[in-house]
Amino acid sequence: LAYTTPSFGGLQGNLHYQFGNDTGSNKKYNAGANVLYFNGPLALTAFYERAQVGNPVAATFADGSTRTDWMLGGSYDFKVVKAFLTYGQAKNNLTDARSKTATAGASRPLGTGKILAAYAQTRDSGLDKTRRTATVGYEYPLSKRTNLYANLMNDRITGASNGTSFGLGARHQF
């Protein structure tokens, strides 16, 4: 089930609830909420989720765990560049381990399209590993709802060799 509030001066909220398939007294469910704020060049968001039901693979929560996730994010369009920041955390109730992620990104108009850059770092205290990902790309609009894109990404994880990937594609928004 989902409910979306009307927009009040650029502020809008969503509530989500998913029933589990369990019978008996210990019913499992997923629930969450998010808030969005759009006003001129400023955009802000926050979400919280509590999950006990895995989709589409129920085995994700076969250990009886409950996962909680939250994230805060924002962007500001300076016209010559649009900056993005996020910070969030994921936690499983069966361990003290937490996964914390911070991202910073920017997009800048270049020709008809825009050049994109982002950096993300995730620190997983349970695995004692850090993942660092840097991406650059270009997005070219074909129409109001369709664009072409190219991205180059470098990914590094503590104790593992780094990897580089490249992606090309077309995206159509409905």
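Colleague: Which secondary structure does the chain contain, helices or strands?

Modeller: The chain has zero helices and eleven strands. Read from the N terminus, the elements run β-β-β-β-β-β-β-β-β-β-β. Keep in mind that this is a predicted model.

Colleague: What does the C-alpha trace span along its principal axes?

Modeller: About 60 × 50 × 25 Å. The chain has 174 residues, and buried ones make up 18% of them. The exposed surface comes to about 11,700 Å². Carbon and sulfur atoms supply 61% of that area.

Colleague: Among contacts between residues at least 6 apart in sequence, how many join residues at least 24 apart?

Modeller: The share is 26%. Individual pairs make this concrete. Take A90 in strand β6. A90 and D69 are 21 residues apart in sequence, yet their C-alpha atoms are 4.4 Å apart in space. Now take G9, in the loop between β1 (2-4) and β2 (11-19). G9 and Y37 are 28 residues apart in sequence and 8.4 Å apart, C-alpha to C-alpha.

Colleague: And which pair shows a large separation on both counts? Where do Q12 and T158 stand?

Modeller: Q12 and T158 are 146 residues apart in sequence and 39 Å apart in space, C-alpha to C-alpha. Q12 is in strand β2. Leaving aside neighbours within four places, Q12 contacts T4, T5, P6, S7, N34, V35 and L36. One link involves the backbone: the oxygen of T5 lies 2.9 Å from a polar side-chain atom of Q12.

Colleague: Is Q12 buried, exposed or partly exposed?

Modeller: Partly exposed. The cut-offs are under 20% for buried and over 50% for exposed. Q12 has a relative accessible area of 26%, so it falls in between. A90 also has 26% relative accessibility, so A90 counts as partly exposed. G9 is at 67%, so G9 is exposed.

Colleague: Let us stay with strand β6. What does A90 touch, beyond four places in sequence?

Modeller: T68, D69, A97, R98 and S99.

Colleague: And Q89: buried or exposed?

Modeller: Q89 lies in strand β6, residues 82-92. Its relative accessibility is 15%, under the 20% cut-off, so Q89 counts as buried. With sequence neighbours up to four places away set aside, Q89 touches T68, D69, W70, R98, S99 and K100.

Colleague: Now backbone angles. What sign of phi should I expect?

Modeller: Most residues other than glycine have a negative phi. Two residues here are worth checking against that. K79 has a phi near 75°, a positive value in a residue other than glycine. D128 has a positive phi of about 55°, and D128 is not a glycine either.

Colleague: Where do K79 and D128 sit?

Modeller: K79 is in the loop between β5 (67-77) and β6. D128 is in the loop between β8 and β9.

Colleague: Is K79 buried or exposed? And D128?

Modeller: K79 is exposed, because its relative accessibility of 65% is over 50%. D128 is at 51%, so D128 is exposed too.

Colleague: Next, pockets. What is the volume of the largest pocket?

Modeller: About 270 Å³. The lining has 19 residues. S107, P109, G113, K114 and E139 lie nearest the centre of the pocket.

Colleague: Which elements give two or more residues to that lining?

Modeller: β7 (98-110), β8 (113-124), β9 (129-141) and β10 (146-157). The largest share comes from β7, with three residues.

Colleague: How does the lining divide by class?

Modeller: Four residues are nonpolar, seven are polar and eight are charged.

Colleague: One more residue. Where is T146, and is T146 buried or exposed?

Modeller: T146 is in strand β10. Its relative accessible area is 18%, so T146 is buried.

Colleague: Which residues does T146 touch, apart from those up to four places away in sequence?

Modeller: P141, R171 and H172. With H172 there is also a polar contact: the two side chains meet at 2.5 Å.

Conventions. Residues are numbered from 1 along each chain as its sequence is written. This is a predicted model: local features need pLDDT of at least 70, side-chain atom pairs count only at pLDDT 80 or more; totals for chains, interfaces and linings use all residues. Side-chain values use heavy atoms; hydrogens and water are left out. On a 1 Å grid over the protein atoms alone, a cavity is a set of points where a 1.4 Å probe fits but cannot get out, and a pocket is an open set with protein on both sides within 12 Å along at least five of seven lines; lining residues have an atom within 4 Å of a point. Grid points are joined across faces, edges and corners, and a volume is the space filled by probe spheres set on the points. Helices (H or I, at least four residues) and strands (E, at least two) are DSSP runs, numbered from the N terminus. Ala, Val, Leu, Ile, Met, Phe, Trp, Tyr, Cys and Pro count as nonpolar, Asp, Glu, Lys and Arg as charged, and the others, Gly among them, as polar. Buried means under 20% relative accessible area, exposed over 50%, partly exposed in between (1.4 Å probe, protein chains only). A polar contact is a pair of N or O atoms within 3.5 Å; within protein, one must be able to donate a hydrogen and the other to accept it, and residues adjacent in sequence count only if both atoms are side-chain atoms. Contact means heavy atoms within 4.5 Å. Accessible areas come from the Shrake-Rupley method with a 1.4 Å probe; for residues, only the protein chains shown count as cover.
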